[in-house]
Amino acid sequence: MAGIFITFEGPDGAGKTTQVMLLERHLRQKGYDVLVTREPGGTPVGEEIRKLLLNRSHQDMDALTEMYLYAASRAQHVRQVIKPALDKGIVVLCDRFIDSSIAYQGFGRGLGMDVVEAVNRYALGDILPDLTIFLNIRPEEALARGRMRLKEADRLESEKLEFHQRVYQGFLILQERYTQRIKVVDASRSVEEVFKQVLELVEYLLSCKK
Ligand code: TYD
(Lines give C-alpha, C1' and ligand atoms only; values in the text may rest on other atoms or scores of the structure.)
Protein backbone atom coordinates (compact mmCIF):
# COMPACT_ATOMS: atom_id res chain seq x y z
CA MET A 1 0.00 0.00 0.00
CA ALA A 2 1.23 3.49 -0.79
CA GLY A 3 1.87 5.67 2.24
CA ILE A 4 -0.13 8.68 3.32
CA PHE A 5 1.20 12.21 3.20
CA ILE A 6 -0.21 14.76 5.67
CA THR A 7 1.08 18.32 5.97
CA PHE A 8 0.45 20.96 8.63
CA GLU A 9 0.30 24.62 7.74
CA GLY A 10 -0.52 27.93 9.37
CA PRO A 11 0.90 31.20 10.60
CA ASP A 12 3.91 31.24 12.92
CA GLY A 13 2.68 30.37 16.40
CA ALA A 14 -0.35 28.34 15.25
CA GLY A 15 0.80 25.34 17.29
CA LYS A 16 1.68 23.04 14.37
CA THR A 17 4.59 21.35 16.06
CA THR A 18 2.52 20.30 19.08
CA GLN A 19 -0.24 18.89 16.87
CA VAL A 20 2.26 16.96 14.75
CA MET A 21 3.72 15.42 17.91
CA LEU A 22 0.30 14.44 19.27
CA LEU A 23 -0.73 12.91 15.97
CA GLU A 24 2.54 11.00 15.68
CA ARG A 25 2.02 9.48 19.13
CA HIS A 26 -1.58 8.57 18.38
CA LEU A 27 -0.82 6.91 15.04
CA ARG A 28 2.12 4.95 16.46
CA GLN A 29 -0.11 3.64 19.24
CA LYS A 30 -2.49 2.45 16.55
CA GLY A 31 0.36 0.56 14.91
CA TYR A 32 1.13 2.83 11.99
CA ASP A 33 4.65 3.33 10.74
CA VAL A 34 5.10 7.12 10.99
CA LEU A 35 7.75 9.54 9.82
CA VAL A 36 7.79 13.11 11.15
CA THR A 37 9.67 15.71 9.21
CA ARG A 38 9.70 19.45 8.55
CA GLU A 39 10.46 22.21 6.11
CA PRO A 40 12.69 23.93 5.50
CA GLY A 41 14.94 21.02 6.46
CA GLY A 42 14.25 17.32 6.85
CA THR A 43 17.55 16.28 5.23
CA PRO A 44 21.20 17.16 6.02
CA VAL A 45 21.32 19.43 2.94
CA GLY A 46 17.93 20.92 3.79
CA GLU A 47 18.95 21.67 7.38
CA GLU A 48 21.95 23.63 6.04
CA ILE A 49 19.60 25.57 3.75
CA ARG A 50 17.32 26.17 6.76
CA LYS A 51 20.19 27.81 8.67
CA LEU A 52 20.81 30.13 5.75
CA LEU A 53 17.14 31.03 5.44
CA LEU A 54 16.46 31.71 9.10
CA ASN A 55 19.72 33.49 9.91
CA ARG A 56 18.80 37.03 10.98
CA SER A 57 22.00 38.49 9.65
CA HIS A 58 20.82 37.88 6.06
CA GLN A 59 18.48 40.86 6.00
CA ASP A 60 19.51 41.55 2.40
CA MET A 61 18.29 38.22 1.03
CA ASP A 62 16.29 38.83 -2.14
CA ALA A 63 12.75 37.43 -2.25
CA LEU A 64 13.57 35.33 -5.32
CA THR A 65 16.65 33.88 -3.65
CA GLU A 66 14.50 33.03 -0.65
CA MET A 67 11.89 31.30 -2.83
CA TYR A 68 14.53 29.21 -4.62
CA LEU A 69 16.17 28.20 -1.34
CA TYR A 70 12.88 26.94 0.09
CA ALA A 71 12.23 25.11 -3.19
CA ALA A 72 15.77 23.65 -3.13
CA SER A 73 15.28 22.34 0.39
CA ARG A 74 11.96 20.83 -0.77
CA ALA A 75 13.47 19.16 -3.86
CA GLN A 76 16.04 17.40 -1.68
CA HIS A 77 13.41 16.50 0.92
CA VAL A 78 10.92 15.05 -1.58
CA ARG A 79 13.52 12.91 -3.35
CA GLN A 80 15.61 11.80 -0.38
CA VAL A 81 12.95 11.36 2.32
CA ILE A 82 9.27 11.82 1.44
CA LYS A 83 8.95 9.80 -1.77
CA PRO A 84 10.97 6.80 -0.50
CA ALA A 85 8.92 6.76 2.72
CA LEU A 86 5.61 6.89 0.86
CA ASP A 87 6.79 4.09 -1.45
CA LYS A 88 7.35 1.96 1.67
CA GLY A 89 3.80 2.60 2.90
CA ILE A 90 4.79 4.94 5.73
CA VAL A 91 2.55 7.74 7.04
CA VAL A 92 4.53 10.97 6.57
CA LEU A 93 3.68 13.98 8.74
CA CYS A 94 5.33 17.17 7.58
CA ASP A 95 5.48 20.46 9.50
CA ARG A 96 5.02 22.97 6.60
CA PHE A 97 5.29 22.21 2.87
CA ILE A 98 4.39 23.82 -0.47
CA ASP A 99 1.54 25.97 0.91
CA SER A 100 3.99 27.81 3.16
CA SER A 101 5.98 28.84 0.10
CA ILE A 102 2.85 30.14 -1.60
CA ALA A 103 1.69 31.99 1.53
CA TYR A 104 5.07 33.42 2.63
CA GLN A 105 6.91 33.97 -0.65
CA GLY A 106 3.89 34.29 -2.95
CA PHE A 107 1.73 36.51 -0.75
CA GLY A 108 4.02 37.71 2.06
CA ARG A 109 6.87 38.71 -0.25
CA GLY A 110 4.52 39.49 -3.11
CA LEU A 111 6.06 37.18 -5.71
CA GLY A 112 2.62 35.87 -6.63
CA MET A 113 1.07 32.45 -6.45
CA ASP A 114 1.78 31.49 -10.08
CA VAL A 115 5.53 32.11 -9.88
CA VAL A 116 5.89 30.12 -6.66
CA GLU A 117 3.77 27.25 -7.96
CA ALA A 118 5.71 27.14 -11.23
CA VAL A 119 9.12 27.00 -9.53
CA ASN A 120 7.95 24.38 -7.06
CA ARG A 121 6.45 22.13 -9.72
CA TYR A 122 9.90 20.68 -10.38
CA ALA A 123 10.71 20.35 -6.70
CA LEU A 124 7.48 18.43 -6.05
CA GLY A 125 7.45 16.08 -9.02
CA ASP A 126 4.30 14.00 -8.59
CA ILE A 127 4.16 14.42 -4.81
CA LEU A 128 1.25 16.33 -3.26
CA PRO A 129 -0.20 15.92 0.25
CA ASP A 130 -3.24 13.66 0.65
CA LEU A 131 -4.38 16.03 3.37
CA THR A 132 -3.22 19.47 4.48
CA ILE A 133 -4.37 20.69 7.88
CA PHE A 134 -4.48 24.46 8.04
CA LEU A 135 -4.28 25.58 11.67
CA ASN A 136 -6.25 28.78 11.44
CA ILE A 137 -5.32 31.58 13.80
CA ARG A 138 -5.01 35.28 13.00
CA PRO A 139 -1.42 36.50 13.35
CA GLU A 140 -2.52 39.19 15.85
CA GLU A 141 -3.90 36.47 18.07
CA ALA A 142 -0.85 34.22 17.74
CA LEU A 143 1.23 37.25 18.67
CA ALA A 144 -0.98 38.18 21.63
CA ARG A 145 -0.77 34.64 22.96
CA GLY A 146 2.97 34.93 22.96
CA ARG A 147 3.25 32.00 20.61
CA MET A 148 4.89 34.14 17.99
CA ARG A 149 8.00 35.68 19.44
CA LEU A 150 9.20 38.84 17.78
CA LYS A 151 12.28 39.09 19.99
CA GLU A 152 14.71 36.21 19.48
CA ALA A 153 12.60 35.37 16.46
CA ASP A 154 14.16 33.96 13.30
CA ARG A 155 14.46 36.04 10.12
CA LEU A 156 10.90 35.35 8.95
CA GLU A 157 9.20 35.43 12.33
CA SER A 158 10.70 38.84 13.01
CA GLU A 159 9.00 40.37 9.95
CA LYS A 160 6.48 43.06 10.78
CA LEU A 161 2.83 42.32 11.43
CA GLU A 162 1.72 43.45 7.94
CA PHE A 163 3.88 40.72 6.45
CA HIS A 164 2.23 38.09 8.63
CA GLN A 165 -1.18 39.46 7.70
CA ARG A 166 -0.41 39.03 4.00
CA VAL A 167 0.80 35.50 4.70
CA TYR A 168 -2.43 34.78 6.55
CA GLN A 169 -4.56 36.10 3.69
CA GLY A 170 -2.54 33.84 1.42
CA PHE A 171 -3.43 30.79 3.51
CA LEU A 172 -7.12 31.76 3.38
CA ILE A 173 -6.99 32.06 -0.42
CA LEU A 174 -5.21 28.72 -0.72
CA GLN A 175 -7.78 27.02 1.45
CA GLU A 176 -10.61 28.36 -0.74
CA ARG A 177 -8.81 27.24 -3.87
CA TYR A 178 -7.94 23.71 -2.75
CA THR A 179 -10.94 22.80 -0.62
CA GLN A 180 -10.53 19.07 -1.30
CA ARG A 181 -6.98 18.90 0.00
CA ILE A 182 -6.78 21.70 2.57
CA LYS A 183 -8.96 21.36 5.66
CA VAL A 184 -9.28 24.14 8.22
CA VAL A 185 -9.05 23.71 11.97
CA ASP A 186 -9.71 26.56 14.40
CA ALA A 187 -6.34 26.88 16.15
CA SER A 188 -7.47 29.53 18.62
CA ARG A 189 -8.93 26.79 20.84
CA SER A 190 -7.17 24.63 23.42
CA VAL A 191 -4.57 22.09 22.35
CA GLU A 192 -6.99 19.23 23.20
CA GLU A 193 -9.86 20.72 21.21
CA VAL A 194 -7.63 21.37 18.22
CA PHE A 195 -6.29 17.82 18.37
CA LYS A 196 -9.81 16.40 18.45
CA GLN A 197 -10.57 18.12 15.14
CA VAL A 198 -7.23 17.09 13.67
CA LEU A 199 -7.93 13.49 14.57
CA GLU A 200 -11.38 13.54 12.97
CA LEU A 201 -9.87 14.68 9.69
CA VAL A 202 -7.06 12.13 9.82
CA GLU A 203 -9.33 9.23 10.76
CA TYR A 204 -11.65 10.06 7.91
CA LEU A 205 -8.71 10.06 5.49
CA LEU A 206 -7.42 6.75 6.85
CA SER A 207 -10.87 5.16 6.50
CA CYS A 208 -11.04 6.29 2.84
CA LYS A 209 -7.60 4.81 2.15
CA LYS A 210 -8.40 1.37 3.55
P1 TYD B 1 9.10 26.75 10.99
O2 TYD B 1 10.03 25.61 11.04
O3 TYD B 1 7.64 26.43 11.02
O4 TYD B 1 9.45 27.78 12.16
P5 TYD B 1 9.25 27.59 13.71
O6 TYD B 1 9.57 26.16 14.02
O7 TYD B 1 10.19 28.59 14.29
O8 TYD B 1 7.80 27.93 13.93
O9 TYD B 1 9.39 27.59 9.66
C10 TYD B 1 10.43 28.48 9.58
C11 TYD B 1 9.98 29.72 8.84
O12 TYD B 1 10.06 29.51 7.42
C13 TYD B 1 8.56 30.14 9.14
O14 TYD B 1 8.58 31.51 9.51
C15 TYD B 1 7.86 29.98 7.81
C16 TYD B 1 8.93 30.06 6.80
N17 TYD B 1 8.70 29.32 5.53
C18 TYD B 1 8.59 30.03 4.33
O19 TYD B 1 8.66 31.26 4.33
N20 TYD B 1 8.44 29.34 3.16
C21 TYD B 1 8.38 27.97 3.12
O22 TYD B 1 8.25 27.36 2.03
C23 TYD B 1 8.49 27.24 4.37
C24 TYD B 1 8.44 25.75 4.37
C25 TYD B 1 8.63 27.95 5.56
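Mentor: A polar contact is a pair of N or O atoms within 3.5 Å; within protein, one must be able to donate a hydrogen and the other to accept it, and residues adjacent in sequence count only if both atoms are side-chain atoms. The model is predicted, so local features need pLDDT of at least 70 and side-chain atom pairs pLDDT 80 or more, while totals for chains, interfaces and linings use all residues. Residues are numbered from 1 along each chain as its sequence is written, and side-chain values use heavy atoms, without hydrogens and water.

Trainee: Which side chain has an N or O atom 2.8 Å from a nitrogen atom of the ligand?

Mentor: Oxygen atoms of the ligand pair with two arginine side chains: Arg74 at 3.0 Å and Arg96 at 2.6 Å. The ligand nitrogen at 2.8 Å is instead paired with the side chain of Gln105.

Trainee: How much of the ligand does the protein bury?

Mentor: The ligand taken alone exposes 560 Å² (Shrake-Rupley method, 1.4 Å probe). Of that area, the protein buries 90%.

Trainee: Which helix supplies the largest share of the shell around the ligand?

Mentor: The ligand has 17 residues around it (a heavy atom within 4 Å), and Arg50, Tyr70, Arg96, Ser101 and Gln105 come nearest. Helices H2 (44-54), H3 (63-87) and H4 (98-108) each give at least two residues to the shell; helices are DSSP runs of H or I, at least four residues, and strands are runs of E, at least two, numbered from the N terminus. The largest share, 4 residues, comes from H4.

Trainee: Where is Arg96 found?

Mentor: Most residues other than glycine have a negative phi. Arg96 is not a glycine, yet its phi is positive, about 75°. This residue is in the loop between strand E3 (91-95) and H4.

Trainee: Which residues does a cis peptide bond join?

Mentor: Most peptide bonds are trans. One with omega of about -10° is cis, and its proline lies in the loop between strand E2 (34-38) and H2. The bond joins Glu39 and Pro40.

Trainee: What is the radius of gyration of the chain?

Mentor: The chain has 8 helices and 5 strands, in the order β-α-β-α-α-β-α-α-β-α-α-β-α. For 210 residues the globule rule (2.2 Å times the number of residues to the power 0.38) gives 17 Å. The chain's value, taken over C-alpha atoms, is close to that, so the chain is as compact as a globular protein of that length: 16 Å.
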